[in-house]
Amino acid sequence: MVFHNSFRLAIAIRGAVQGVGFRPFIYRLANEIGLLGWVNNSTEGVFIEIEGTPEQLESFLLRLKIEKPLRSHIQSIETSKLEPIGYKTFEIRVSIKGQKTAVILPDLATCSDCLKEIFDSTNRRYYYPFTNCTNCGPRYTIIEALPYDRQHTTMKTFQMCTGCETEYKNPLDRRFHAQPNACPQCGPHVELWDDTGKVLDKDRAAISATAIAIRQGKIVAVKGLGGFHLIVDARNKQAIKLLRQRKHRPDKPFALMYPSLELIKEHCQVSALEERLLQSSQAPIVLLKRKEKDNCDCLIAPGNPYLGIMLPYTPIHHLLMAELGFPVIATSGNLKHEPICIDEREAIVRLKGVADLFLVHDRPIVRPVDDSIARIIMGEETILRRARGYAPLPILNRQFKQSISEILAVGAHFKNAIALAIGDQIFLSQHIGELETPQAIEAFETVITSFQQLYDFQPKIIACDLHPDYFSSQYAQNSGLKVIPVQHHHAHVLACMAENQLLGETVLGVAWDGTGYGLDGTIWGSEFLLVSPNRRDGFQRVAHLRPFPLPGSDRAAQEPRRVAIGLLYELFGARLFAEKQFQPWLRAFSEAELAILSKILLNRINAPLTSSMGRLFDGIAAISNLCQIATFEGQAAMQLEFALDQLSTNQVYPLLLQTNQIDWRPMLLAILDDLSRGVTVNLISAKFHNTLIDAIVKIVQKIEVKKIVLTGGCFQNKYLTEKAIDKLRAAGFCPYWHKFVPPNDGGIALGQAIAASREISHTNN
Ligand code: ZN
Ligand code: ZN
Ligand code: FE
């Protein structure tokens, strides 16, 4: 029956609206208000048609926005009024196909309702490690294609039992259309394997046996959501030593998983925001300040005042941690520069000799997704590694002009991630890692292929780094597509601008990092770039550090002592090797090494020039004898940051600012003087940081731009970032920094996609 005062409303909702219980919510809401019509899922979003009185329709739209499911995120709601056609019921219609721009949801940590069930002995899901619902569970790691339906996930081989199917079909159930819905009767199971793949235990017994093995100091590889973890008892020094030996990882901090927030609070300072972050559905690893300083000598994160800690985020982890009751190391199940293992058969081969036992399950993981890492900077979260819980949500930017072509951006070399620009959205992939091994390169290519399949996307343009030797750049050159190379620091600045909604403006970008190929073929890394939307060339390089040589080129990145000698050589020239007074600064090298280094530097062979800020940090760390040889990327710079140790001082070193160069030589002379007078590293580090922050303020004051964008790996440094923000604000500037896109090279692909899109629109105009 068509009422004369009734209308039909067609509603299109875009955003993260699939796999979060959106359709059942619409169904319930429409029924409550008494509206007729239908709702469906398409690859583009959720579509609704409803008929009712204007009051009913208005109430629907209002309540839709207020009561929408917890995990959903609405990007846009479009409505159009139509003639009523007299719907008789309200129904949920089957998904339809269309252009694939629907937002794929990231994996979500176990919700409190599901958690209650797995610990309730009367519940049919008691102790079931794959319990999930529309508010939680796997998404991105199990999706093979869009739209998000069970047959397009790795759950397709598990036929739901009647109990599960009833829940799945009941619009009023928490598991209505929960695609990975499962129970002990019909779903996946866990098994404990020895290192040959022999089954030792199953189900609950497997988890209990795993807990026993961990207590005994064994290293257990545990298959979780986005891949394997290597788990050992964090209290067992011998076990940690063994893990470090087997993983060939002497110093790099390990992440921890704690059984409860209460226990984290016993060991670390936890602010209200950090607490929320730990318990959020993203459940990242959060860098937390330790309570006791002397614990810094521990093997988990040597010399590091912070610990990277996460809470359990799948039922497997919850069940295991409940049996253990103490913190464990939960580090990625991989070897150096390789992606994490996702397949149990592959794991027993690749992790042979590393893990003693394997806790595995039969729900396949489509793609590796690491744990994300977050740190609080200026009272807000900054994502340092963007993966589980965050990827592949698009970076929303209303100023990003619809790209004329579809663009694939392949990122940089370290901390690689890729991006796709489709229409007005940019999808940034999960962290892939260093493209240093065949396995990592394979993962890189797999992520590109699977992203293209998911979004049904054929790029016409490929954006890459300017560095000709990066694997990603070569991949672009060999793709047969039109290639747009993007300068590394330009990409950093654009990435930070994008997440701060600054793409329409002119900004001064401060892009400081370890390495990035410059327009002049040298290695840049202390860039002040003027970036504006109207510049055809994209940016103007307005200032940078005075360049210095890197003896041994790439080896200098692993050996801060080489950077130190490069800096000292710039200061003293050939006298450095000839005069006795300089000998104390050369003690990190043997006679033979010094003979080679002096030749390299005197003849300028294999000693490329750099203006890298990251390398300056390394060099100063080595000169201060904090770190001569690094065993992981960023180690020396981190140690220099940690040397600060809450010291509060405004002292600075002298610097010489020339038109477009920051001459660090007066500072280095003063540091050497401080060192020879026995000034503590603590104070030297503080003065060094303050000097650089001062330099930022002095340089931006010369340029008539208010908005300052801080980006690049150096701005993972909390002190540097926070104090720079404070000083810039005090001087009347508006500083911006990273929050949801990593400041390091994990954000490069996003910037590349924007740069390429700008370049295309400039050439078309
Ligand atoms: Zn749940
Ligand atoms: Zn079932
Ligand atoms: Fe970089």
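Reader: Before we count anything, what makes a salt bridge here?
Author: A salt bridge is a side-chain nitrogen of Lys or Arg within 4 Å of a carboxyl oxygen of Asp or Glu. Keep in mind that this is a predicted model.

Reader: OK, how many salt bridges by that rule?
Author: The count comes to 42.

Reader: Give me one. What does Glu49 pair with?
Author: Glu49 meets Arg8, with 2.7 Å from N to O. Glu49 sits in strand β3 (residues 45-52) and Arg8 in strand β1 (residues 7-16), so to speak of sequence, they are 41 residues apart and the pair links distant parts of the chain.

Reader: Are those two buried or exposed?
Author: Both Glu49 and Arg8 are buried.

Reader: And what about Glu167, who's its partner?
Author: That's Arg124, at 3.2 Å from N to O. Glu167 is in helix α4 (residues 162-169), while Arg124 is in the loop between α3 (112-118) and α4, so the bridge ties together parts 43 residues apart in sequence.

Reader: Why does Glu167 count as buried?
Author: Its relative accessibility is 11%, and the cut-off for buried is under 20%. Arg124 has a relative accessible area of 37%, so Arg124 is partly exposed.

Reader: Which residues are in the salt-bridge network with that pair?
Author: Glu167 and Arg124 are linked in a network with Asp113, Lys116, Glu117, Arg125, Arg174 and Arg175.

Reader: Got another pair? Where's Arg350?
Author: The side chain of Arg350 forms a salt bridge with Glu338, again given from N to O, at 3.2 Å. Arg350 lies in helix α10 (344-350) and Glu338 in the loop between β13 (328-332) and α10, so this bridge ties together parts 12 residues apart in sequence. Both Glu338 and Arg350 are buried.

Reader: Zooming out to charge, how many of each sign?
Author: There are 83 positive and 78 negative side chains, and the centres of the two sets lie 2 Å apart.

Reader: Switching to the fold, how many helices and strands?
Author: The chain has 23 helices and 31 strands.

Reader: What does the radius of gyration say?
Author: It's 28 Å, and a compact globule of 765 residues would have one near 27 Å, so the chain agrees with that. The C-alpha atoms fill a box of roughly 100 × 65 × 50 Å along the principal axes.

Reader: How much of it is buried?
Author: Buried residues make up 61% of the 765. The chain exposes about 29,300 Å², with carbon and sulfur atoms supplying 51% of that.

Reader: And what share of the contacts is long-range in sequence?
Author: Among contacts between residues at least 6 apart, 71% join residues at least 24 apart.

Notes
Residues are numbered from 1 along each chain as its sequence is written. Chains are lettered from A and ligands numbered from 1 in the order in which they are written. This is a predicted model: local features need pLDDT of at least 70, side-chain atom pairs count only at pLDDT 80 or more; totals for chains, interfaces and linings use all residues. Side-chain values use heavy atoms; hydrogens and water are left out. Helices (H or I, at least four residues) and strands (E, at least two) are DSSP runs, numbered from the N terminus. The radius of gyration is taken over C-alpha atoms; the globule rule is 2.2 Å times the number of residues to the power 0.38. Buried means under 20% relative accessible area, exposed over 50%, partly exposed in between (1.4 Å probe, protein chains only). Contact means heavy atoms within 4.5 Å. Accessible areas come from the Shrake-Rupley method with a 1.4 Å probe; for residues, only the protein chains shown count as cover. Lys and Arg count as positive and Asp and Glu as negative; His and the chain ends are not counted. The place of a charge is taken as NZ of Lys, CZ of Arg, CG of Asp or CD of Glu.
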